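Here is a brief report on a ligand site and a helix. Start with the sequence and structure.

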Amino acid sequence: MTLALYNTLTRRVEPFAPLAPPRVTLYTCGPTVWNYAHIGNFRTFLFEDLLRRYLAYAGYDVFHIMNLTDVDDRTIKAAAAAGKRLDEHTAPFVQAFFEDRDYLRITPAHAYPRATQSVPGMVRLVERLLERGVAYKGEDGSIYFAIAKFPTYGRLSRLDARELKVGARVASDEYAKDDPRDFALWKKAEPVDEQVGAAWDAPFGRGRPGWHLECSAMSLEQIGTCCRSETLDLHAGGVDLIFPHHEDEIAQSEAATGKPFARFWLHGEFLNVRGTKMSKRFGNFLTARDLRDQGVDAAAVRLLFWQTHYRKALDFSDEALAAAGTGVKRLGEFYARLGAGERGKGEGALSTLAAKFEVDFRAALDDDLNAPRACAALFEFVHEGNAALDAAAPGAAPALGVLGRAMAVLDVLPTAKTVDTELEHWIAGRIAARDKARKSKDFTEADRIRAELTARGVEIEDSPAGTKWRLV
Ligand code: AMP
Ligand code: ZN
């Protein structure tokens, strides 16, 4: 079996192969840092984490780019409302995003280009589009993309031209554009932009980039540098980005380069609350830090999300999260039992179960990242593995290896408990008593204390600097 992915461009599940194996270029639209990201946003970022990790598991060398949208309508509005400059307003949210990413165990991207730091590339892209005659200056001084000059516009979202036209007319009562369907590449600087420091000089007029332009420019710049390419292997985001964001990214990039922009387009479905999309606008949101403050283990959030396929909507509830927490606990117990099981005994019932699990796990994820099926296989393995452990079956070591490889993808083992101070005091006391015993050459007593520590999950190691300990 090889990895197959659902490509929004073709509306089919297709075998995946990168342009220049083993390298895979992956671009994912990042957060708009006007505020804290909510766990709906993180459902999309977690689906992308699953994709990224499974590609690595499958042996690919992934180069992952995630942009940070730190200038757009929302960031400017929020900075102005807070009476701050743009960078002053966004900096804490960028920081918070990285903290939340780490809490949720999302593998960091290789590059996090920020829109405000990538303006020269955006200006060059607009110049290229102007030179090619697919962009023009509107009567309002902004630069627009001429959709009529790009015949394949709408291919990704499959909206026909007539539909687009009607939709756009409703939303637009201005006559600055040649065609109401056209979208802004570069917006002429307004007083509020100047006020927050969101305006840049450009040969075609002072202004600021449109959101769609940002992603085209940053992705092309990054893959140009890393891989001397103008085509991404994979581009991903939430389903709400298909139109117009990704459609416009394709138009801008392909009109400039003449090459396909991305070969596979992947889109994750929404996280909902009682059937409604989780959104800042609807007020029905939770942030990652809310969960962290409630003491929720990130492993439970991850497992909850994996239990629904990324192309299906998922309804968030406390009950579902608690159930995922129970699953995580069961898995942790099984892992600990395997670890405590005899090692080095080689093959046995447990390794047979593990090998079967690994086959099922791969088949599930190869099939358009079917994580719910992979999780079902995982818990079947836990169930049968526990029964095998009850019967003292051998093969714990290879089973641990298989589980470890699966966890490199799913990463749903419980977070190691933080040590409470009471335990810390007790450990310090036992270590001091052991030192005393060793100094008076009472090794029986020293060994007894070590066993006492081991029984409570404390592993010690003697070094010239003293005795170090850690929880296992
Ligand atoms: P934004 O910060 O608004 O630019 O969005 C960041 C990402 O979150 C985009 O890929 C969106 O498609 C995605 N997103 C927004 N709301 C949700 C939701 N309720 N469920 C899943 N993904 C979402
Ligand atoms: Zn984007």
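The text below covers the ligand shell, the polar contacts and one helix.

This is a predicted model: local features need pLDDT of at least 70, side-chain atom pairs count only at pLDDT 80 or more, and totals for chains, interfaces and linings use all residues. Residues are numbered from 1 along each chain as written, chains are lettered from A and ligands numbered from 1 in written order, and side-chain values use heavy atoms, without hydrogens and water.

**Ligand 1**

The shell holds 18 residues, where near means a heavy atom within 4 Å. The closest are Thr32, Thr44, Asp240, Leu271 and Met278. By class, six are nonpolar, eight polar and four charged. Gly counts as polar in this scheme.

Polar contacts are pairs of N or O atoms within 3.5 Å. Backbone partners of ligand 1 include these:

| Ligand 1 atom | Backbone partner | Distance |
|---|---|---|
| nitrogen | Gly40 | 3.0 Å |
| oxygen | Gly238 | 3.1 Å |
| nitrogen | Met278 | 2.9 Å |

Taken alone, ligand 1 exposes 500 Å², and the protein buries 93% of that. Areas use the Shrake-Rupley method with a 1.4 Å probe. Two elements give two or more residues each to the shell: α1 (39-57) and β9 (232-238). The largest share, four residues, comes from α1. Elements are DSSP runs: helices (H or I) of at least four residues, strands (E) of at least two.

**Helix α10**

Nine of the nine residues of α10 (residues 298-306) are buried, so the helix is largely enclosed by the rest of the structure. Buried means under 20% relative accessible area (1.4 Å probe, protein chains only). Among them are Arg302, Phe305 and Trp306. At the start of α10, a side-chain oxygen of Asp297 comes within 3.0 Å of the backbone nitrogen of Ala299.

How values were computed
Polar contact = N/O pair within 3.5 Å; in protein donor to acceptor, adjacent residues only side chain to side chain. Buried < 20%, exposed > 50% of the residue type's maximum accessible area, 1.4 Å probe, protein only.
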